[in-house]
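Morning, everyone. Please look at the structure on the screen while I talk you through a few of its residues.

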Amino acid sequence: MASDPWPSFVCPECGAESWHPKDVEQGYCGRCHWWTGDPALYAMWKEERARPAEAGTDASATGSRPA
Ligand SMILES: [Zn+2]
């Protein structure tokens, strides 16, 4: 069984594999449109998506406004 002749990047999120040198280098997934190979960016991205979608209502917005 021959190993890959080219380095590849497999997205931990969607499992897509990319052989694009830039993708491999940066850990970028073209399918997710994110740097899922970068631990910090991947964590940030997951956190963002895990956050419950907030409704547009801002009930706590009272009189205080930025100067
Ligand atoms: Zn992906």
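Start with Val 24. Leaving aside residues up to four places away in sequence, Val 24 touches Pro 7, Ser 8, Phe 9 and Ser 18. Touching here means contact: the C-beta atoms of the two residues, placed from the backbone, lie within 7 Å.

A word on what you see. This is a predicted model: local features need pLDDT of at least 70, side-chain atom pairs count only at pLDDT 80 or more, and totals for chains, interfaces and linings use all residues. Residues are numbered from 1 along each chain as its sequence is written.

Back to Val 24. Its home is helix H1. Helices (H or I, at least four residues) and strands (E, at least two) are DSSP runs, numbered from the N terminus. Is Val 24 buried or exposed? Neither: Val 24 is partly exposed, because 17 other C-beta atoms lie within 10 Å. The cut-offs are these: buried means 20 or more other C-beta atoms within 10 Å of the residue's own, exposed means 12 or fewer, and partly exposed is in between, with C-beta atoms placed from the backbone. Trp 35 is 11 residues from Val 24 in sequence, and their C-alpha atoms are 10.0 Å apart.

Now the whole chain. It has two helices and two strands. From the N terminus, the order is β-β-α-α. The chain has 67 residues, and 10% of them count as buried. Take the contacts with a separation of 6 or more: 9% of these join residues 24 or more positions apart.

Next, Cys 14. Where is Cys 14? It sits in the loop between strand S1 (9-10) and strand S2 (17-18). Cys 14 counts as exposed, because it has 12 C-beta neighbours inside 10 Å. Beyond four places in sequence, Cys 14 touches Cys 29, Arg 31 and Cys 32. Thr 36 is 22 residues from Cys 14 in sequence, with 9.4 Å from C-alpha to C-alpha.

On to His 33. This residue is in the loop between helix H1 (21-26) and helix H2 (39-50). It is exposed, because 9 other C-beta atoms lie within 10 Å. Its phi is near 60°, a positive value in a residue other than glycine. Most residues other than glycine have a negative phi.

Last, helix H2. Why does H2 lie largely in the open? Because zero of its 12 residues are buried. At 1.5 Å a residue, H2 should span 16 Å, and its end C-alpha atoms are 16 Å apart, which agrees. The expected span is 1.5 Å times one less than the number of residues in the helix.
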